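These are my notebook entries on a single chain. I set down what I looked up, with the cut-off for each term.

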Amino acid sequence: AITAAVGVPLYLSGVTHSMGAVTLNLVAALVTVVPVTVGLTLLESSAREASVGKRTRHLRVVDAVTGSRVSFRRSILRNTLKIGVPWTIGHAAVFSIVQASGSGPVPVSVWLLTVVAYVLPIMYVVSLFVGQGRTPYDLVSGTVVIPEVHLATSS
């Protein structure tokens, strides 16, 4: 909704037509990546300790050492590395391909950026199945995803 409310008027009014790739990428990040990253951060650093998806799967994000709730600072680091960096690299790759394709062959540097945009999330998924089963963003932020504990109630 935010993207449409901001992006469509910018596009229809012609404002985005005069923007370069860097400016477009910055606008896209501010309109899409930042709100999503902050939203997930607020959810994971809240008392519920989980995004909607994690709650559905009965998972929580906690401090890897203490098992306590993650601070906003750790959660923003985690979500920036998990969501913000790959998404922004992906945007940069797409904008660069579109811009370069109109002026001839796409430079090798743009293809390398595209490879990084795909390899980074693949590495994240692979990391779930090797070693400790923790992603690089969890290791860097000192967090871990654990199952939600349900206490048995007696009748």
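I looked up burial first and found that 31% of the 155 residues of the chain count as buried (under 20% relative accessible area with a 1.4 Å probe, protein chains only). I note that this is a predicted model, in which local features need pLDDT of at least 70, side-chain atom pairs count only at pLDDT 80 or more, and totals for chains, interfaces and linings use all residues. Residues are numbered from 1 along each chain as its sequence is written, and side-chain values use heavy atoms, with hydrogens and water left out.

Next I recorded the fold. I found six helices and two strands (DSSP runs, helices being H or I of at least four residues and strands E of at least two, numbered from the N terminus). Their order along the sequence is α-α-α-β-α-α-α-β.

I then examined helix H4, residues 72-101. Its 30 residues should span 44 Å, because each step counts 1.5 Å (1.5 Å times one less than the number of residues). The end C-alpha atoms lie 41 Å apart, which agrees.

For overall dimensions, I noted that the C-alpha trace spans about 70 × 35 × 25 Å along its principal axes.

Finally I turned to Arg60, which is located in strand S1 (residues 59-63). Leaving out residues up to four places away in sequence, Arg60 touches eight residues, Arg48, Glu49, Ala50, Gly67, Val144, Val145, Ile146 and Glu148 (contact means heavy atoms within 4.5 Å). I also noted that the C-alpha atoms of Arg60 and Pro136 are 17 Å apart, with these positions 76 residues apart along the chain.

Notes
Buried < 20%, exposed > 50% of the residue type's maximum accessible area, 1.4 Å probe, protein only.
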